[in-house]
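Subject: Structure handover

Hi,

Here is the structure you asked to look at. Open it first, then read my notes below.

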Amino acid sequence: MFISIVHMRRKRLWSERKKAILQTRAEVLGLVRSWFNDHEFCEVQGPVIVPAIAKWSNLSVDYCGLNAFLTSGLEPYAGVFGANLGKSYSISPAFRQETSGFQHLTEYWRIEATIPYGELESIMEVQERLLSYVCQELQRNIQEEQLQNSVNRLRRVRSPFPRLSYEKAVELLAEWFEVQWGATLDQEHETKLSLQHDVPFFVYELPVGVETYYFRSTVDNPLLSCSVDLIAPEGHGELSTGGQPVIGEEMLEKMKKEQLSCAEEQWFRDIEKMGSAPHAGFALGLERLLKWICNLDKVEEATAFPRLREPYP
């Protein structure tokens with residue numbers, strides 16, 4: 001009986017590649033924290049359970065008999081941290097309902113940063129400097145044979161990253177798709193753009209719409225938002241999204257234009273009473289980052305116990 005149990009345990013051991021991926025994950029987290037700390041960002045943690053659904057979550061839980069939700073990010077607390085602590089960052093779990101395992105997990109980890117009074121250029125610069133540092137350190141220190149094919153890919157990653165305006169992206173995509181100005185760039189579009197690059201690149205000033213509702217409009221064109229996506233090369237898709245969120249009266253005005261309920265956003269306004277300031281920020285998916293760095297087929301390979309719609313241990 002004892003022999004059979006030992007045999008079963010041996011069969012369940014992770015492969016050397018799986019262990020190499022998880023060791024790389026740990027190293028990436030260490031490098032991310034090192035870079036932020038060296039550049040005077042303060043690490044913070046926001047609540048995981050929030051009372052409002054809106055943008056911030058779509059997974060409900062019973063919280064002491066009350067209906068609550070699991071957070072999908074640091075907002076709107078990011079503005080409070082920024083106003084009171086200055087530049088800040090968070091590495092924490094987040095949750096959302098997803099149906100595809102290619103690029104999404106139900107439970108995942110986010111690397112988020114907030115810069116008070118920052119602009120799009122500020123968060124693009126932080127991301128490209130952060131990822132350049134992480135990639136250069138990784139390619140110098142990779143020991144695992146299973147990840148050696150990543151060395152040359154990582155060596156290419158140096159700031160500044162290429163920048164595409166949304167309008168330029170649509171112009172390029174028109175060569176392969178029937179895409180018109182104002183359309184959301186979906187996974188297929190991002191993948192096509194991604195295949196044209198061998199380093200990460202930005203697509204900025206996306207059109208105002210459902211996905212960019214919480215971002216300010218640009219000064220030059222009210223139909224464009226102060227938002228930016230960072231996309232990985234080689235078909236790996238979106239790594240992060242960010243921008244300049246609206247606050248205060250500008251938030252209320254946006255809510256009226258979008259015909260969303262003010263009652264649902266009461267929580268947001270209450271949070272702002274704790275102190276808030278105009279800010280820019282981004283959220284970078286850790287598993288998505290690992291998928292690209294390790295050249296994985298699926299994002300679920302980037303975590304030890306992936307949570308998808310299917311049951312997992």
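Leucine 66 lies in strand S4, which covers residues 66–70. Is Leucine 66 buried or exposed? Its relative accessible area is 56%, over the 50% cut-off, so it is exposed. Leucine 66 also helps make a nonpolar surface patch of about 350 Å², together with Val48, Ile49 and Tyr63. Keep in mind that this is a predicted model.

Next, the sheet. It is open and has 8 strands, in the order S1-S5-S6-S11-S10-S9-S8-S7, with mixed pairing. Strands S1 (42–43) and S7 (163–165) stand at the edges. Each has a single partner strand, so one side of each is left without a neighbour in the sheet. S7 runs parallel to strand S8 (residues 201–204), and 3 bridges join them. Leucine 164 stands opposite valine 203 in S8.

Now the salt bridges. How many does a search of the whole structure find? The count is 14. One of them pairs arginine 163 with glutamate 121, with the closest N and O atoms 3.0 Å apart. Arginine 163 is in strand S7 and glutamate 121 is in helix H4 (residues 120–141), so the pair ties together parts that are 42 residues apart in sequence. Arginine 163 is partly exposed, at 27% relative accessible area. Glutamate 121 is partly exposed too, at 42%.

Look at arginine 156 as well. Its side chain meets that of aspartate 198 in a salt bridge (3.7 Å, N to O). It also meets the side chain of glutamate 234 in a salt bridge, at 3.1 Å, N to O. Glutamate 234 sits in the loop between strand S9 (227–232) and strand S10 (237–243), and arginine 156 in the loop between H5 and S7, 78 residues apart. Salt bridges that share partners join Arg153, Arg156, Asp198 and Glu234 into one network.

Then arginine 25, in helix H2 (residues 16–38). Its relative accessibility is 12%, so arginine 25 counts as buried. A polar contact of 3.1 Å joins its side chain to that of glutamate 287. Beyond its neighbours within four places in sequence, arginine 25 is in contact with several residues, including Trp109, Leu290 and Thr303.

Last, phenylalanine 81, in helix H3 (residues 77–85). Its C-alpha atom is 9.1 Å from that of cysteine 42, and the two residues are 39 apart along the chain. Outside the neighbours within four places in sequence, the contacts of phenylalanine 81 include Val44, Leu74 and Ser88.

Best wishes

Note on methods: Residues are numbered from 1 along each chain as its sequence is written. This is a predicted model: local features need pLDDT of at least 70, side-chain atom pairs count only at pLDDT 80 or more; totals for chains, interfaces and linings use all residues. Side-chain values use heavy atoms; hydrogens and water are left out. Helices (H or I, at least four residues) and strands (E, at least two) are DSSP runs, numbered from the N terminus. Buried means under 20% relative accessible area, exposed over 50%, partly exposed in between (1.4 Å probe, protein chains only). A polar contact is a pair of N or O atoms within 3.5 Å; within protein, one must be able to donate a hydrogen and the other to accept it, and residues adjacent in sequence count only if both atoms are side-chain atoms. Contact means heavy atoms within 4.5 Å. Patches are made of residues with over 30% relative accessible area and no salt bridge: like charges are joined within 9 Å, nonpolar side chains (Val, Leu, Ile, Met, Phe, Trp, Tyr) within 5 Å. Accessible areas come from the Shrake-Rupley method with a 1.4 Å probe; for residues, only the protein chains shown count as cover. A salt bridge is a side-chain nitrogen of Lys or Arg within 4 Å of a carboxyl oxygen of Asp or Glu. Two strands pair if DSSP finds at least two bridges between them.
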